[in-house]
Amino acid sequence: MSMAQSQLRANEAELIKSVCDGECEAFYELVRPYERMVYATAISVVKNPADAEEVAQEAVLKAFSNLASFRAESKFSTWLLQITYNEAKMRLRKARSHLYESIDDPRPSEDADYWPKDFADWRPIPSELLEDQEMRQAIRKAIESLSPCYREVIVLRDLQNLSIKETTIILGVSEASVKTRLHRARLILRDALAPGFDGSWVKGQAYRKVRPW
Amino acid sequence: MATIEISCLEVWREISNFLDEEISTEMRERMEAHFKECAHCRAVLDGTRNVVGLVGDGKLFQMPEGFNKRLYKKIQGLP
């Protein structure tokens with residue numbers, strides 16, 4: 001653990017103690033740095049912003065009521081996101097309980113084989129494109145269209161930069177599953193976004209597919 | 001010792017782990033040797049790396065306006 005990390009943990013331990021001693025004010029200080037992560041985790045499951053906000057609020061309130069049971073075995077942020085993830089899943093289940101369809105994902109493929117569909121060479125992405133709203137929209141759409149098991153893992157790992165270990169704790173799946181799902185998610189996104197990056201988003205250039213077979 | 005050649009299929013399987021440095025040194029060397037020779041696999045690698053960078057853009061999912069204020073209110077309402 002780095003100096004900064006252990007400092008952060010010590011600060012958090014202080015805040016947790018204050019909250020447990022009755023200083024509710026300290027709780028907001030404790031969760032504030034993770035607001036965005038809580039929201040992103042929620043939206044990766046429920047998709048819609050209004051639901052994600054409600055899930056985020058519920059999760060934070062749950063974390064408050066259960067704070068005394070937090071054992072510093074994992075980071076506070078991991079614990080908070082685990083609560084958020086479970087809350088979001090529960091909401092999804094409730095929303096669909098009147099339907100006869102299965103609530104869970106079609107079983108995610110744990111088989112690592114995913115054959116890339118396109119071999120176009122991605123030129124380095126011009127930095128002004130990174131600020132482009134249309135482009136952000138396309139990435140968001142591509143992420144949203146992933147199956148839930150792939151979407152959740154890529155949001156935790158690549159969007160929030162959590163470690164593999166943290167991701168396994170939050171999702172409650174094995175390290176091997178995290179790696180396999182992440183791998184698929186990345187390759188599916190790559191295929192989904194390829195037409196945008198090798199020219200068609202740069203004015204005046206048509207997209208040419210590269211398929212070796 | 002010469003590195004043992006590997007197929008494109010084997011390379012694709014490990015692309016994501018390669019980027020995350022979740023592979024053995026031996027595998028890394030074999031893959032690096034393969035990338036030198038194979039433009040298709042290089043394209044897959046570069047594209048996947050780009051995806052990781054693009055998804056990591058912090059502005060992708062903005063919190064709804066007033067999110068923190070409403071959250072703070074909820075917390076203030078706590079016992």
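Glu21(B) sits in the loop that joins α1 and α2 (25-37) of chain B. In this predicted model, phi of Glu21(B) is near 55 degrees, a positive value in a residue other than glycine. Most residues other than glycine have a negative phi. With 7 other C-beta atoms within 10 Å, Glu21(B) is exposed.

Chain A offers a second case of this backbone geometry. Asn161(A) is placed in the loop between α8 (148-159) and α9 of chain A, and its phi, near 60 degrees, is again a positive value in a residue other than glycine. Asn161(A) counts as partly exposed, because it has 13 C-beta neighbours inside 10 Å and the exposed class ends at 12.

The helix that follows that loop, α9 (residues 164-171) of chain A, has the highest confidence in the chain, at a mean of 96. Confidence is lowest in helix α6 (residues 127-130) of chain A, where the mean is 66. Over the whole of chain A the mean pLDDT is 83, and 79% of the residues reach 70 or more. Where pLDDT is low, the predicted coordinates should not be read in detail.

Chain A is built from 10 helices and has zero strands. Of its 213 residues, 37% are buried. Among contacts in chain A with a separation of 6 or more, 69% are between residues 24 or more positions apart.

The domain assignment divides chain A into domain 1 (3-96) and domain 2 (105-213). Where the two meet, 11 residues of domain 1 of chain A are in contact with 12 residues of domain 2 of chain A. On the domain 1 side, the elements that give two or more residues are α3 (35-46) and α5 (76-96) of chain A. The most come from α3(A), with five residues. By class, this side of domain 1 has five nonpolar, five polar and one charged residues.

The largest nonpolar core has 67 residues, and those that touch the most other members are Val38(A), Ala42(A), Ala56(A), Leu80(A), Val153(A), Ile154(A) and Ala185(A). Domain 1 (3-96) and domain 2 (105-213) of chain A both give residues to this core, so it lies between them. In soluble globular proteins, nonpolar side chains tend to be buried together.

Ile154(A) can be followed further. Not counting residues up to four places away in sequence, Ile154(A) touches Ile143(A), Leu146(A), Leu159(A), Leu182(A), Ala185(A) and Arg186(A), as well as Val55(B) of the other chain.

Two buried positions show the packing within domain 1. Ala63(A) belongs to helix α4 (residues 49-65) of chain A and is buried, with 24 other C-beta atoms within 10 Å. Beyond four places in sequence, Ala63(A) touches Leu80(A) and Ile83(A). Gln137(A), 74 residues from Ala63(A) in sequence, is 32 Å away from it in space, C-alpha to C-alpha. Leu30(A), in helix α2 (residues 25-31) of chain A, is buried because 22 other C-beta atoms lie within 10 Å of its own, where 20 are enough. Outside its neighbours within four places in sequence, Leu30(A) is in contact with Glu12(A), Leu15(A), Ile16(A) and Val19(A). The C-alpha atoms of Leu30(A) and Val19(A) are separated by 9.1 Å, with the two positions 11 residues apart along the chain counted as their separation.

The last part is the contact between the chains. Here 31 residues of chain B are in contact with 43 residues of chain A. The elements of chain B that give two or more residues to this side are α1 (8-19), α3 (39-55) and α4 (67-76). With 11 residues, α3(B) gives the most. The chain B side has 17 nonpolar, eight polar and six charged residues.

The helix α3(B) has 17 residues and spans 24 Å from its first C-alpha to its last, close to the 24 Å expected at 1.5 Å a residue. Its buried residues are Cys41(B), Ala43(B), Val44(B), Leu45(B), Gly47(B), Thr48(B), Val51(B), Val52(B), Leu54(B) and Val55(B). One of these, Val55(B), is the chain B residue that Ile154(A) touches.

Terms used
Residues are numbered from 1 along each chain as its sequence is written. Chains are lettered from A and ligands numbered from 1 in the order in which they are written. This is a predicted model: local features need pLDDT of at least 70, side-chain atom pairs count only at pLDDT 80 or more; totals for chains, interfaces and linings use all residues. Domain bounds come from an automatic or database domain assignment. Two residues are in contact if their C-beta atoms, placed from the backbone, lie within 7 Å. Helices (H or I, at least four residues) and strands (E, at least two) are DSSP runs, numbered from the N terminus. Ala, Val, Leu, Ile, Met, Phe, Trp, Tyr, Cys and Pro count as nonpolar, Asp, Glu, Lys and Arg as charged, and the others, Gly among them, as polar. A nonpolar core is a set of buried Ala, Val, Leu, Ile, Met, Phe, Trp, Tyr and Cys residues joined through C-beta atoms within 7 Å. pLDDT is the predictor's confidence in each residue, from 0 to 100. The expected span of a helix is 1.5 Å times one less than its number of residues.
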